[in-house]
Amino acid sequence: MKNSIKKLVGGLALASVLLTSVMAGNASAAITNGSKFLGNIIAGSAPGNFTTYWNQVTPENGTKWGSIEGNRNQMNWGNADMIYNYAISKNIPFKFHTLVWGSQEPNWVAGLSAAEQKAEISSFITQAGQRYSAKSAFVDVVNEPLHAKPSYRNAIGGDGSTGWDWVIWSFQQARAAFPNSKLLINEYGIIGDPSLTDKYVTIINHLKSRGLIDGIGIQCHHFNMDNVSVNTMNTVLNKLAATGLPIYVSELDITGDDNTQLARYQAKFPVLWNHPSVKGVTLWGYIQNQTWAANTHLVNSNGTERPAMKWLKQYLGGSSALMESTDAQDITDSVIQPDSVAEPQLQLDLQPVLESVPAE
């Protein structure tokens with residue numbers, strides 16, 4: 001009997017080791033894998049170490065209307081497809097950014113008649129939905145309504161009776177095109193300005209009352225984050241949370257030399273991350289010479305990590321051993337092809353182990 005028990009225990013122990021080993025091999029290597037995501041952008045191609053750090057994807061420019069339809073009726077979905085397929089292959093959330101925005105709209109739109117403008121933006125939203133709605137977790141429907149209104153806004157409702165009819169129209173179109181995605185609004189300047197937040201909430205409440213919005217995006221770029229006070233941040237977050245909608249930090253970056261950037265992250269990132277209404281944070285680039293603003297990067301061009309990145313990993317509970325193993329990788333813009341074969345599912349059969357125990 002004792003020998004039988006020993007064999008059974010030994011067999012189960014071996015099975016446990018195999019199970020742990022396989023699960024570790026398939027585990028996400030991102031800094032965090034809890035209920036909140038920590039994402040980043042992909043530009044021309046996916047960095048080789050992207051999923052070492054991040055578990056959500058936003059295209060930097062690839063899904064903007066001006067990037068896709070630079071020439072009228074000539075659609076270029078290539079970069080958008082690559083990033084979308086990459087996110088799917090890695091099983092991480094994808095956000096379409098963005099449908100309606102006054103900046104980076106196609107140059108040819110402004111010269112059209114109102115009827116043509118409405119038809120063209122309607123067509124873009126519909127085509128985007130047909131192509132990406134199946135697995136887009138999020139959509140930035142209107143970007144920067146307070147700062148960058150589109151040239152064609154009067155063609156889609158203008159100010160109207162609400163003052164924001166063109167935004168409402170945009171969300172109505174997006175709801176039809178992306179029925180299974182969370183629809184977000186997105187804006188900069190909010191985190192450091194409670195009065196601007198009040199104006200933002202006015203738009204949000206118009207959308208909420210019509211059941212058109214699922215979350216609030218706040219950009220949190222360095223020109224707001226570097227010098228904003230923690231008290232102001234909390235005031236703004238609480239104003240947004242009072243709407244009852246989740247908050248998504250959509251475009252975070254912070255500047256400074258190593259020590260300054262570190263101190264700023266230590267003081268301000270926890271305010272964002274720990275707020276109960278914040279459900280995810282997306283940084284706007286992380287590799288030196290590949291971010292839109294100088295000194296916002298977290299990883300140097302040679303693959304070494306800046307102090308703020310090392311702190312982020314520690315703060316969020318990432319495995320330093322796992323992270324450091326990729327530091328020496330070449331992280332220049334090398335194209336990562338979508339995985340053509342899904343990872344094999346774990347099938348661990350314990351029956352042979354049990355059958356090896358002699359019957360009494």
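The second largest cavity of this structure, which is a predicted model, has a volume of about 40 Å³. Its lining is made up of Phe 37, Gln 56, Lys 95, Phe 138, Leu 184, Tyr 248, Val 249 and Thr 282, and by class these divide into five nonpolar, two polar and one charged residues.

A search of the whole structure finds two cavities of 30 Å³ or more, and the largest of them holds about 50 Å³ of space. Around this largest cavity stand Lys 64, Trp 65, Thr 98, Leu 99, Val 100, Trp 101, Ser 103, Gln 104, Glu 105 and Tyr 152. Strand E3, which covers residues 95-101, gives the most to that lining, with four residues.

Besides the cavities there is the second largest pocket, which is lined by 15 residues, with Trp 101, His 221, Glu 251, Trp 284 and Trp 292 lying nearest its centre. Trp 101 also belongs to the lining of the largest cavity. The table sets out the volumes and the classes of lining residues for these spaces.

| Space | Volume | Lining by class |
|---|---|---|
| Largest cavity | about 50 Å³ | five nonpolar, three polar, two charged |
| Second largest cavity | about 40 Å³ | five nonpolar, two polar, one charged |
| Second largest pocket | about 240 Å³ | five nonpolar, six polar, four charged |

Leu 99, one of the residues that line the largest cavity, also has a place in the packing of the nonpolar side chains. Which residues touch the most other members of the largest nonpolar core? Among the 89 residues of that core, they are Leu 99 and Leu 252, while helix H6, residues 165-177, gives the most to this core, with seven residues. In soluble globular proteins, nonpolar side chains tend to be buried together. When neighbours within four places in sequence are left aside, the residues in contact with Leu 99 include Ile 121, Phe 124, Ile 125, Ala 128, Tyr 152 and Phe 178, and Asp 140 is also among them.

Ala 128 and Phe 178 appear again in the surroundings of Ser 133, whose contacts, with neighbours within four places in sequence left aside, are Ala 128, Ala 177, Phe 178, Pro 179 and Ser 181. Ser 133 lies in the loop between helix H5 (114-132) and strand E4 (138-143). Is Ser 133 buried or exposed? Ser 133 counts as buried because its relative accessibility is 16%, and the limit for that class is under 20%. A polar atom of the Ser 133 side chain lies 2.7 Å from the backbone oxygen of Gly 129.

Technical notes: Residues numbered from 1 in each chain as written. Predicted model: local features only at pLDDT ≥ 70, side-chain atom pairs only at ≥ 80, totals over all residues. Heavy atoms only, no water. 1 Å grid on protein atoms, 1.4 Å probe; cavity = no way out; pocket = protein on both sides within 12 Å on 5 of 7 lines; lining within 4 Å. Points joined across faces, edges and corners; volume = space filled by probe spheres on them. Helix = DSSP H or I, 4+ residues; strand = E, 2+ residues; numbered from the N terminus. Nonpolar A, V, L, I, M, F, W, Y, C, P; charged D, E, K, R; others polar. Buried < 20%, exposed > 50% of the residue type's maximum accessible area, 1.4 Å probe, protein only. Polar contact = N/O pair within 3.5 Å; in protein donor to acceptor, adjacent residues only side chain to side chain. Contact = heavy atoms within 4.5 Å. Core = buried A, V, L, I, M, F, W, Y, C linked by side-chain atoms within 4.5 Å.
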